[in-house]
Amino acid sequence: MIVEQGRYLILQGKGISYILRIHEQGYLLHVYYGRKLRENDFPYFPSAPRSFYTFAPDQVFLEGESQEYPAFGYNDLKEGAVEVLADGKIAALSLKYKSHEISDGKPAIDGLPSSKANGVACQTLAVTLSDDAYGVEVRLLYTVFEDSDVIARHAEIRNSGKGALRLTRAFSCCLDATGMRGSETDMISLRGAWAKERNLERHSLFQGVSEIGNRTGESGHYLNPFAALCGRATTSDYGDALGAMLVYSGNHRFRVDVDAYDNIRLACGIHDGGFAWDLAPGETFRTPECLLCFSWQGLDGMSQAYHDFLRAHILPQRFRSSFRPVLINSWESMYFDFDEEKILEVARQAKQSGIELFVLDDGWFGKRNDDTTSLGDWYPNPEKLPSGVAGLAEKINALGLKFGIWVEPEMANPVSELLKAHPDFPIACKAHPPVLGRNQQVLDLTDPRVVEFIGKFLDELLSCGKISYIKWDMNRSMAEVTEPGFVHRYYLGLYKILGDITEKYPDVLFEGCSGGGGRFDAGMLCYHPQIWTSDDSDAIERLRIQEGTALCYPLSAMGAHVTACPNHQVWRTTPFSTRANVASFGTFGYELNVARLSEEEKAEVKAQIAAYRKIEPLIREGDFAVLHSAFARGNFTAWQVTSKDKKRAVVLCVRTLASANAAGERVRLRGLNPDALYTEARSGRNYYGDELMYRGFFPSVPSTDFASVLTEFVEESEETNR
């Protein structure tokens with residue numbers, strides 16, 4: 001998978017090649033990243049035009065070359081991936097090749113979440129660059145996987161000198177997109193806000209800088225730690241697409257530069273605004289991992305490659321192929337107003353409807369009757385839970401349900417008993433009064449005492465052995481951050497807690513949440529196999545939210561619930577069937593008071609769960625495709641998920657608004673076996689794969705507002721054909 005050819009280092013994935021060249025003067029250059037090439041001696045690769053401002057015509061001028069990990073200021077006028085201060089001055093680094101090694105397997109990154117081999121053959125290339133004058137060494141690590149077109153890479157920056165150094169920028173990845181031209185390329189990002197996360201944004205590049213980033217102390221509602229570059233003509237099923245994703249949950253920055261010669265440089269990593277990291281002699285800083293992906297089969301090809309990789313190498317494997325329980329969450333049905341009897345009544349009705357897991361949300365601890373108090377006081381409220389968490393869990397289990405519970409360990413209310421005893425636990429700016437968000441403060445996870453407190457609380461909660469699921473929430477962003485590098489140290493503390501607790505309780509299913517989808521990233525997916533996609537659970541709003549999320553994250557990672565109507569976020573009323581159909585393209589659950597449903601609605605819940613169970617294997621492992629995008633003009637959305645063997649395909653079609661005398665919507669499927677005969681399960685009609693892909697079919701969506709239909713196509717067996 002990794003081959004040395006003279007001065008070339010060639011990384012070969014399942015269908016891609018990534019090629020580096022060691023320049024005669026010692027610089028590490030990027031040559032190619034794209035569709036797989038044959039291995040040869042590469043006698044000729046085109047190089048970029050030389051700048052008029054070349055310093056010395058007889059020397060390499062780095063602005064005209066594609067450096068693999070550049071530094072600004074010595075012989076390169078483009079933005080760099082690393083910046084260092086030595087003796088208080090900017091170090092004009094000239095990083096040159098020192099050595100490289102190739103090894104089997106995938107090393108972990110100390111203190112940070114990262115991808116794992118999980119039994120798949122992979123190789124890692126480590127290239128060391130150095131600037132001996134400043135005492136800086138950079139070790140670049142790349143892992144290629146036999147089963148994937150995703151490359152995992154990160155950097156390790158070491159102080160190899162005798163004096164102190166300060167890092168002010170340490171990006172995970174820098175890539176000159178050698179096969180793309182700025183004037184012909186679009187940038188795609190996932191933008192949004194609370195309750196409207198990960199909406200797809202696509203714009204043309206231009207000479208200058210296109211940048212996204214986040215400094216809120218979380219990967220964020222606003223701009224997800226992901227970006228893609230694609231050809232202007234690239235569609236969901238056609239053209240080239242290059243993606244970059246960080247395995248990280250803190251502040252991040254993605255920067256795309258187009259220079260005067262139409263060359264593109266993509267760099268990403270920890271946001272360097274407010275960042276600094278001191279390195280004593282011999283110390284090393286490790287960047288978060290970046291996952292690069294190249295597809296020549298459009299955006300769906302990129303999505304499917306990311307989905308496969310995250311399932312195989314990021315998500316906890318214990319939950320990869322197992323059935324996730326269909327849950328009911330108490331929040332939108334009871335909020336803070338509950339007691340044990342109300343809980344048990346909802347649980348009884350849920351069990352009768354076929355639901356498998358009851359989750360008790362916020363309000364069970366301390367004196368918590370609203371959001372102003374008791375965060376940090378993690379003991380059961382005796383008025384609401386007279387038999388405690390363990391006693392309630394035992395009663396829920398006796399009904400035949402699993403039990404789960406909500407926690408927000410990173411937060412505390414100022415009036416809590418915790419902060420009265422430990423007023424120095426939260427993040428604070430001494431010069432001003434505390435800044436509150438949702439009436440709460442963020443605990444300082446750079447403090448070992450706080451890390452120990454949270455770890456002990458979680459251990460005591462889970463040690464009863466009756467809790468199968470934890471919903472881990474974080475309901476505000478960080479403020480009052482006055483120390484450079486603080487946010488990164490915070491996440492080192494958080495990742496330690498998550499790593500310790502998930503290792504000790506590997507069978508507990510953790511679901512991440514941050515005011516909904518404010519921390520939906522590959523870093524959290526290393527511990528949480530599913531994340532609550534958004535606090536906006538309206539089925540029509542979720543079309544964009546879930547499609548945008550699925551651009552790079554797998555369907556099985558998306559928490560998706562059927563909720564009450566009118567919807568509690570937008571007050572829209574949608575059909576029960578549409579709410580279930582949209583939620584079924586994620587990890588399925590309910591968030592409503594099932595005890596208030598009619599007998600007909602309870603029967604419908606049973607049918608919805610049965611229908612979801614049939615398609616769940618495709619949601620967990622299948623290939624997702626966008627047939628009609630929710631972001632396109634019009635009132636129609638269509639998605640498809642197909643089994644890996646192409647024998648089953650499920651298509652979701654949703655009409656947003658009805659219109660008079662409307663033309664029918666033709667839907668063309670993708671990724672089927674063209675010669676196979678498929679049966680539409682609902683009607684019994686037969687179609688060949690080529691008919692469904694090239695001619696298409698007209699789905700029978702009711703001609704009303706917010707109507708939907710799930711259609712399944714199953715390949716006929718040879719016995720059936722006889």
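Here are some numbered notes on this predicted model, from the whole protein down to single residues.

1. **Overall size.** Let's start with the big picture. The protein has 722 residues, and a compact globule of that length would have a radius of gyration near 27 Å; the protein has 27 Å, so the two agree. Along the principal axes, its C-alpha atoms fill a box of roughly 85 × 75 × 45 Å.

2. **What it is built from.** You'll find 13 helices and 37 strands here. Of the contacts with a separation of 6 or more, 70% are between residues 24 or more positions apart. Buried residues make up 61% of the 722.

3. **Surface and charge.** About 27500 Å² of the protein's surface is accessible, and carbon and sulfur atoms own 49% of that. As for charge, there are 77 positive and 96 negative side chains, with the centres of the two sets 1 Å apart.

4. **Strand E5, face by face.** Now zoom in on residues 82-86, which form strand E5. Keep a general rule in mind: in a regular strand, side chains alternate between the two faces of the sheet. In E5, Val82, Val84 and Ala86 point to one face and are buried, whereas Glu83 and Leu85 point to the other face and are not buried.

5. **The partners of E5.** Which strands pair with E5? One is E11 (residues 165-176), antiparallel to E5 over five bridges; here Ala86 sits opposite Leu165. Another is E6 (residues 89-90), also antiparallel, joined to E5 by two bridges. In that pairing, Leu85 stands opposite Ile90.

6. **The turn at Asp87.** The hairpin of E5 and E6 has two residues between its strands, and Asp87 takes a positive phi near 55 degrees there. Worth a look, as Asp87 is not a glycine. Is Asp87 buried or exposed? With 76% relative accessibility, Asp87 counts as exposed, because the cut-off for exposed is over 50%.

7. **Glu184 and its contacts.** Follow the chain past E11 and you reach Glu184, in the loop before strand E12 (185-191). Glu184 and Arg158 are 26 residues apart in sequence, with their C-alpha atoms 38 Å apart in space. Setting aside neighbours within four places in sequence, Glu184 is in contact with Cys230, Gly231 and Arg232.

8. **Helix H4.** In this helix (residues 388-398), Gly388, Val389, Gly391, Leu392, Ala393 and Ile396 are buried. What covers them? The cover includes helices H3 (340-352) and H6 (448-462), along with strands E23 (357-360) and E24 (402-407). After H4 comes Gly400, with a positive phi near 95 degrees.

9. **Helix H10.** Why call H10 (residues 576-583) largely enclosed by the rest of the structure? Because seven of its eight residues are buried. Those are Phe576, Thr578, Arg579, Ala580, Asn581, Val582 and Ala583. They pack against several elements, among them helices H9 (539-549) and H11 (599-621) and strands E30 (558-563) and E31 (587-591).

10. **The loop before H10.** Don't skip the loop between E30 and H10, where you'll find Pro566. A cis peptide bond joins Cys565 to Pro566, with omega at about 0 degrees. Trp571 lies in the loop between E30 and H10 too. Its phi is near 60 degrees, a positive value in a residue other than glycine. Trp571 is exposed, with a relative accessible area of 60%.

Note on methods: Residues are numbered from 1 along each chain as its sequence is written. This is a predicted model: local features need pLDDT of at least 70, side-chain atom pairs count only at pLDDT 80 or more; totals for chains, interfaces and linings use all residues. Side-chain values use heavy atoms; hydrogens and water are left out. Helices (H or I, at least four residues) and strands (E, at least two) are DSSP runs, numbered from the N terminus. The radius of gyration is taken over C-alpha atoms; the globule rule is 2.2 Å times the number of residues to the power 0.38. Buried means under 20% relative accessible area, exposed over 50%, partly exposed in between (1.4 Å probe, protein chains only). Contact means heavy atoms within 4.5 Å. Accessible areas come from the Shrake-Rupley method with a 1.4 Å probe; for residues, only the protein chains shown count as cover. Lys and Arg count as positive and Asp and Glu as negative; His and the chain ends are not counted. The place of a charge is taken as NZ of Lys, CZ of Arg, CG of Asp or CD of Glu. Two strands pair if DSSP finds at least two bridges between them.
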